[in-house]
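Me: Hey, I'm opening this one for the first time. Can you walk me through it?

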Amino acid sequence: MNLEGLNEAQRRAVCTDREACLVLAGPGSGKTHTITERIRFLIYERGVTPEKILVITFTKEAAVSMQERFLKKESGCGVVFGTFHSVFYQILRLSGGYSQSKILTESGKRSIISKIITDILPGYKKQKFVPNEITSSFLSAISEFKNSADKGKALRKLSKEYITYYDTVFEKYEEVIRRQKMLDYDDMVYECHHLLSENPDILDYWSGRFSHILIDEYQDINPFQFKCACLLKGKDTCIFAVGDDDQSIYGFRGAKPVCLKDFLNLYNAELINLQYNYRSRENIVKFTGGVISDNKNRLEKSQLSARDDKEKGKVEIKSFESKKAQYEAICEYLSGREKEHIGVLFRTNISMQSFAKILTEKGIAFKVKEKTRSIYEHSAAADVFAYLEAAETGDLGALLRIINKPLRFISREMVSEEKDPIGKAVLYLKEHSDHPFAKEKLEALYKLKKDLNFLKDKPLYLRVSYILGKIGLREYYEKTLVQRSVLSEYLSVLDFILEDSKKYESLQEWKKRAEEYKENYETALNIRLTEGDLGINIMTVHASKGLEFETVIIPDVNEGNFPCGKMQDTDLIEEERRVFYVALSRAKENLFIYYVSGKDGREKPVSRFIGKFLKSLLF
């Protein structure tokens, strides 16, 4: 087998005979090539049967890509490629009696948890009504625990009044889905761990099924995945992990970069560092390395550029007085350039779509990698439009959407009449004064009717301001959405909608433009990167992982965005710095970092991640 195409560190990784090996693979270090060559080495040089080799990745896309890379050199393949979830689902299917039809849909989970909440929580027992935000918070807490095994983190997904009910709700939820032999997505790993831990015969079979286990992107592993991988490793199984703790950016899924250190300690593993970066020019590698070096909780390492050309890439940091000026500068830069080689990376999907709206207005084509919905389809935007529609046309569907935002405990049945639904509900409550909380509900309905009347014939911006403030939609989200990232997303959508409302004279015109944007955005979603110069690439940093571009532009590099929100926790700050590092390291030739400085006493602080570079790179 010819190993001439490998550098020294790659060759050591491919040829290792150690039972456990951890390969640190920084950006552009050729990790996929190293893994595929490792598989070929095991088969051709060590005589390992292909069916005894298991390769685990984190996404289906990565698994397919890895398999395709391998098959380019091999005519047949018995090697097992799969994601954590697909591998553990197969174990559950073959040894636990689960089937595809037993996987819970999102609506199925909501139905189960809603029934449990109305049975357990005092405030909802009589009402038999649970807002989506409450069911979401409990499902989010359950998901957090199943991914992180950290109950404290799970409880932080709930508001204080619900924390005492978490254990009971969780136990009932597990009881229901196990009785029905159902699985939700998080259960693929959680239940697999339970199955292997509680059944020695099943564990004995699966821990002997593979002689070699290779795991890609090991920095993204969560505690239960780590435990399952440990269970699958039999006494004579060799385990080969590839990852980079500097690129661990999925803490919200329970990923913990400390798992790399745990791997080293648990198995006394060999440590190999793929030091050379084949992607980026030398000054880009130095700059990105300078950013991530401020993190303390990391395995010490450094990268060198393997580019044999000596021409430097362009690294610039620029400030702009406003976000609008910043986005205008990006659009100007795009003019006359081949856009398929340019990536504009955003911290959040909402920020990305704010820019997409500007591109749409200017007629600039763009591509979107992640399968997300139009910003106008976001729940927060839909709620605002529902209020406007209910006030302007009396649409019953719109009224039903917002009747309990903020919470008024008005059942759907009470306002089900097509003609004057609020009036009919008022009349019903007057005639049934013994109805639970009749007085409070009457007051809420009177206020709602008054609010909807106020919204008629006012300028759109004033109407939206009134909905967010006086009616209390913003406060409702702040009270019900405990998870910081989710609340931040909702509030960002509200800010976008409020600003967007200034551009239109009527609700009909606004809805028409929103629909045009939606169609344009859906077109952008369907464009593939291989189809030529069909537009600029815009995406969130998380979606950019594994990609590279000739030129990378990162806007809004301000405090509150990088890092996202008001963060004090050291671990969160370090993860946010890793997110920024991933964005920077996508660049091959040019790297442009933009931030908004503000003006007239409204100065905005630049991100702490680049503060030390301003004097040398500010143009």
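**A first look around**

Reply: Sure. The chain has 28 helices and 14 strands. Keep in mind that this is a predicted model.

Me: What does the radius of gyration say about how compact the chain is?

Reply: The radius of gyration is 27 Å, and the globule rule gives 25 Å for 619 residues. Those values are close, so the chain is as compact as a globular protein of that length.

Me: And what does the C-alpha trace span along its principal axes?

Reply: About 85 × 65 × 45 Å.

Me: What share of the residues is buried?

Reply: Buried residues make up 55% of the 619 in the chain. As for the outside, the accessible surface comes to about 28,500 Å². Carbon and sulfur atoms account for 49% of that surface.

Me: Now contacts. Of those with a separation of 6 or more, what share joins residues 24 or more positions apart?

Reply: That share is 78%.

Me: How many positive and negative side chains are there?

Reply: The chain carries 97 positive and 91 negative side chains. The centres of the two sets are 2 Å apart.

Me: OK, switching to single elements. How many residues does α7 have, and what distance does it reach?

Reply: Helix α7 covers residues 132-148, which is 17 residues. From first C-alpha to last it reaches 24 Å, close to the 24 Å expected at 1.5 Å a residue.

Me: How many of the α7 residues are buried?

Reply: 14 of the 17, so α7 is largely enclosed by the rest of the structure.

Me: What comes just after α7?

Reply: A149, which takes a positive phi of about 60 degrees.

Me: Where else does phi turn positive in a residue other than glycine?

Reply: D420 is one of those places, with phi near 50 degrees. D420 sits in the loop between α19 and α20. D457 is also not a glycine, and its phi is positive at about 65 degrees. For D457, the loop is the one between α21 (438-454) and α22 (460-471).

Me: Is D420 buried, partly exposed or exposed?

Reply: D420 counts as partly exposed, because its relative accessibility is 40%. D457 has a relative accessibility of 78%, so D457 counts as exposed.

Me: Back to that D420 loop. Which peptide bond leading into P406 is cis?

Reply: The one from K405 to P406, with omega near 5 degrees. P406 lies in the loop between α19 (396-402) and α20 (421-431), and D420 lies in the loop between α19 and α20 too.

Me: And what about the bond from F562 to P563, is it cis or trans?

Reply: That bond is cis, again with omega near 5 degrees. P563 lies in the loop between β13 (549-554) and α27 (570-584).

Me: Let's look at a strand. Where does T83 lie?

Reply: T83 is in strand β3, residues 80-83. Its relative accessibility is 12%, so T83 counts as buried.

Me: Which residues is T83 in contact with, leaving aside neighbours within four places in sequence?

Reply: T83 is in contact with I56, T57, F58, T59 and K60.

Me: And what separates T83 from A62?

Reply: Along the chain T83 and A62 are 21 residues apart, while their C-alpha atoms are separated by 8.3 Å.

Key:
Residues are numbered from 1 along each chain as its sequence is written. This is a predicted model: local features need pLDDT of at least 70, side-chain atom pairs count only at pLDDT 80 or more; totals for chains, interfaces and linings use all residues. Side-chain values use heavy atoms; hydrogens and water are left out. Helices (H or I, at least four residues) and strands (E, at least two) are DSSP runs, numbered from the N terminus. The radius of gyration is taken over C-alpha atoms; the globule rule is 2.2 Å times the number of residues to the power 0.38. Buried means under 20% relative accessible area, exposed over 50%, partly exposed in between (1.4 Å probe, protein chains only). Contact means heavy atoms within 4.5 Å. Accessible areas come from the Shrake-Rupley method with a 1.4 Å probe; for residues, only the protein chains shown count as cover. Lys and Arg count as positive and Asp and Glu as negative; His and the chain ends are not counted. The place of a charge is taken as NZ of Lys, CZ of Arg, CG of Asp or CD of Glu. The expected span of a helix is 1.5 Å times one less than its number of residues.
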